[in-house]
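Biologist: Please show the structure, and let us then ask how each description of it is justified.

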Amino acid sequence: MKYIYIKTWGCQMNEYDSSMIASLLENNNEYLITENVEKADILILNTCSIREKAQEKVFHQLGRWRKLKNNNPKIIIAVGGCVATQEGKEIFKRASYVDIIFGTQTLHKLPNMISEVQENKKSTIDISFPKLEKFNYLLKPKKTGSTSFISIMEGCNKYCSFCVVPYTRGDEISRPCDDILFEISNLAENGVREINLLGQNVNAYQGRTFNNKICYFSELIRLVAEIEGIDRIRFTTSNPLEFTDDIIEVYRDTPKLVSFLHLPVQSGSNKILNLMKRSYTTEDYESIINKLISVRPNIQISSDFIVGFPGESETDFQETITFIKKINFDMSFSFIYSNRPGTPASKMKDNVDLKEKKKRLYFLQHLINMQTMMWSRKMFNSTQSVLVEGISNKNIMELYGRTENNRIVTFTGKYNMIGKFIKLKIKKIHTHSLKGELI
Ligand code: SAH
Ligand code: F3S
């Protein structure tokens, strides 16, 4: 038996890919996943390059693993994901002890690549982009929780000026609609009650149906909602571009689709949005939100923000702050702009100093935290439908689950509630979680 240790950095897509790697390797009875790096025969690093110092972080990690390999030269080290796709062979140059380099679209080749290294005693690389091939190797999950991600499309054609994703994940490509529905039906049979449709730009989904027609994102949601056992539908991440009226209509017609939407706006200044090549204005964004509110008055919106983009003046930043208040965002992931080699923005003059960027980020996050708290307070004493996910990390006497609006609630309950929807009354409000009581 050989032990595999996988380290994953980055987005949910990377987490999804790593779970695919784990199930592929475990399907071969020679391999077992371990949480203990000291015990491992094969070390896999699934990397991320979305922000600062990604490359340096990879080589630091590899340096640590090199020491393990010095003690046991039979250890195999594999590097995959976005940094591997971007750097390719360069990784061998800086870290000659690496055995395998695989890309975001070639992870299914890993079992063969490992055998190849074992037999030939020499390194191997494959960072090609064979379209959708990896999904042909998807296996039925051995164990599932109450909620599950499912990748519906990958890649991005939008080329926002700051972003590396189009270069590391390739062009937008959608999985066939029936494959997705089949996989979700399987998950539902295994007890999954909530599905999170995953992709770099989910609403750009255009999958083929069995009779070679195109199925758009709105139609896919309607079809998923018909699957017995699936009672809650989420998706990540959508883009204000292509957020068309047919999607608004799905919100109107499909109660299983949650009243919580993560729709990244990035900035509240049209000047900056233009420099970012986001191809929409704040007015366009607001119009989408207003349409959503007209069919779902209680919908909560979260967003991503970048502060300190090249050219962002204090006035531009204040426009973002005003916009955050206007939309009343519930939550955000917010970041300081990070110069990514090879992107158009990397050639722009980065004229905001780091101290100022940090100040802006702090201000923005403070405001959003207050808004998060305001949204949470509205939930006090309300009855919420909570999908119970498991035992709380902090207190084994408690269970935890999620509300429709993505709040974690802890409560005292029975183990047989795990995997089910239950009704809770919200009794305590903390910044990042709530406490509930069974009704
Ligand atoms: N497809 C999504 C974004 C995916 S990347 C969208 O359309 O918005 C996830 C988030 O990382 C982005 O929303 C952005 O806020 C952040 N991000 C991407 N590149 C970045 C960079 N160079 N510097 C700082 N943050 C960045
Ligand atoms: Fe990146 Fe813009 Fe696509 S943020 S993932 S290039 S939509």
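**Helix pair and ligand shells**

Modeller: Helix 11 and helix 12 are roughly parallel to each other. This is a predicted model.

Biologist: Why are helix 11 and helix 12 called roughly parallel?

Modeller: The axes of helix 11 (residues 282-295) and helix 12 (residues 314-327) cross at roughly 10 degrees and come within 12 Å. Angles under 35 degrees count as roughly parallel, so the term applies.

Biologist: Which residues of helix 11 and helix 12 meet?

Modeller: Thr282, Tyr285, Glu286 and Ile289 of helix 11 meet Phe323, Lys326 and Ile327 of helix 12. By class, this contact has 4 nonpolar, 1 polar and 2 charged residues.

Biologist: What makes the approach of asparagine 239 to ligand 1 a polar contact?

Modeller: A polar side-chain atom of asparagine 239 lies 3.0 Å from an oxygen atom of ligand 1. The cut-off for a pair of N or O atoms is 3.5 Å, so the pair qualifies. Serine 338 offers a backbone N or O atom 2.8 Å from a nitrogen atom of ligand 1, and a polar backbone atom of phenylalanine 162 is 3.0 Å from a nitrogen atom of ligand 1.

Biologist: How much of ligand 1 does the protein bury?

Modeller: Taken alone, ligand 1 exposes 540 Å², and the protein buries 90% of that. Strand 15 (300-307) and strand 16 (331-336) are the elements that give two or more residues to the shell.

Biologist: How do the residues of the shell around ligand 2 divide by class?

Modeller: They divide into 7 nonpolar, 2 polar and 2 charged. Among the residues around ligand 2 are Cys156, Cys160, Cys163 and Asn239. Cys counts as nonpolar, so Cys156, Cys160 and Cys163 belong to the nonpolar group.

Methods. Residues are numbered from 1 along each chain as its sequence is written. Chains are lettered from A and ligands numbered from 1 in the order in which they are written. This is a predicted model: local features need pLDDT of at least 70, side-chain atom pairs count only at pLDDT 80 or more; totals for chains, interfaces and linings use all residues. Side-chain values use heavy atoms; hydrogens and water are left out. A polar contact is a pair of N or O atoms within 3.5 Å; within protein, one must be able to donate a hydrogen and the other to accept it, and residues adjacent in sequence count only if both atoms are side-chain atoms. Accessible areas come from the Shrake-Rupley method with a 1.4 Å probe; for residues, only the protein chains shown count as cover. Helices (H or I, at least four residues) and strands (E, at least two) are DSSP runs, numbered from the N terminus. A residue is near a molecule or strand if one of its heavy atoms lies within 4 Å of it. Axes are lines fitted to C-alpha atoms, for helices over the stretch in contact, and angles run from 0 to 180 degrees between N-to-C directions. Angles under 35 degrees count as roughly parallel, over 145 as roughly antiparallel, 65 to 115 as roughly perpendicular and the rest as oblique. Contact means heavy atoms within 4.5 Å.
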